[in-house]
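Reader: I am new to this structure and would like to learn how to read its features one at a time. Could we begin with the idea of a core?

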Amino acid sequence: ERVVKQEIYAEFLDDTGIVFRGITQIATLSPKEPIPERIYVIGCDLAKVQDFTVLTVYDRTTNEQVFQMRFNQLEWPFQKDKIRALSVKFNRALVMIDSTGLGEPIYEDLVRSGIPCEPIHFTNEIKKQLVEKLATWIELKNCKMLNLPETIQEFNSFTYDYSEKTGRVIYGAPPGFHDDIVFSHALAIWSL
């Protein structure tokens with residue numbers, strides 16, 4: 001509908017550039033403890049120094065976010081321990097993990113330790129698919145999120161641009177901002 005309004009009817013849309021519409025309407029929840037017999041999924045966007053590792057837990061029965069953890073400047077063995085403990089706490093939740101670069105050995109170590117994981121190797125096309133599914137789910141209110149100020153701020157600052165070389169859409173945070181929370185949610189939502 002937005003594309004038709006903008007491209008066919010040449011209407012000016014004042015929220016152009018915004019990727020996630022309706023975030024405040026769905027970010028209304030408080031954290032919840034795991035419920036026995038429920039199936040959960042964890043979106044895991046990895047980082048070590050400047051960016052943040054973010055672990056986002058969704059209940060697969062209700063499509064509701066129930067937990068979020070964000071940290072940085074933590075050595076890899078401690079990060080693996082946190083991921084492992086969170087998966088076990090949430091009924092051996094599947095971990096949808098960014099396996100790009102240093103994520104590959106983290107993924108392999110988690111699998112060797114018995115944690116159910118699915119690797120997602122980030123490419124521009126995969127990132128585009130992840131973000132577009134997440135944006136659609138938010139706009140259609142197919143999911144609910146925790147009401148966390150840093151999450152709402154990161155989703156609201158997330159934008160898109162067009163590559164001058166390829167003409168393709170490029171999603172990401174503007175300079176000085178982070179996109180770790182967004183991609184953690186996108187990884188979890190991908191499996192819902």
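Author: A nonpolar core is a set of buried Ala, Val, Leu, Ile, Met, Phe, Trp, Tyr and Cys residues joined through side-chain atoms within 4.5 Å. In this predicted model, the largest such core has 31 residues, of which Phe20, Leu134, Ile138, Met145, Phe155 and Phe158 touch the most other members.

Reader: Which element gives the most to this core?

Author: Helix 7 does, with seven residues. Leu134 shows how such contacts look in one place, since among the residues that Leu134 touches are Phe20, Met145 and Phe155, together with Val182, His185, Ala186 and Ile189. Apart from this core lies another, of 21 residues, among them Ile42, Trp76, Tyr107 and Cys117.

Reader: How should I read the sheet, and what is the order of its strands?

Author: The sheet is open and has five strands in the order 4-3-2-5-6, with mixed pairing. Strand 4 (64–71) and strand 6 (117–120) stand at the edges with a single partner strand each, so one side of each has no neighbour in the sheet. Within the sheet, strand 2 (residues 40–45) and strand 3 (residues 53–59) run antiparallel and are joined by six bridges, and Gly43 stands opposite Thr56 in strand 3. Helix 7 (residues 180–190) lies across the strands of this sheet, namely strands 2, 3, 4, 5 and 6, and runs at about 145 degrees to strand 2.

Reader: Where is confidence lowest?

Author: Where pLDDT is low, the predicted coordinates should not be read in detail. Here the mean pLDDT of the protein is 88, but confidence is lowest in helix 1 (residues 2–8), at a mean of 52, and pLDDT stays under 50 over residues 12–16.

Notes: Residues numbered from 1 in each chain as written. Predicted model: local features only at pLDDT ≥ 70, side-chain atom pairs only at ≥ 80, totals over all residues. Heavy atoms only, no water. pLDDT = per-residue confidence, 0-100. Helix = DSSP H or I, 4+ residues; strand = E, 2+ residues; numbered from the N terminus. Contact = heavy atoms within 4.5 Å. Pairing = 2+ DSSP bridges. Axes fitted to C-alpha atoms, helices over the stretch in contact; angles between N-to-C directions. Buried < 20%, exposed > 50% of the residue type's maximum accessible area, 1.4 Å probe, protein only. Lists of a residue's contacts leave out its neighbours within four places in sequence.
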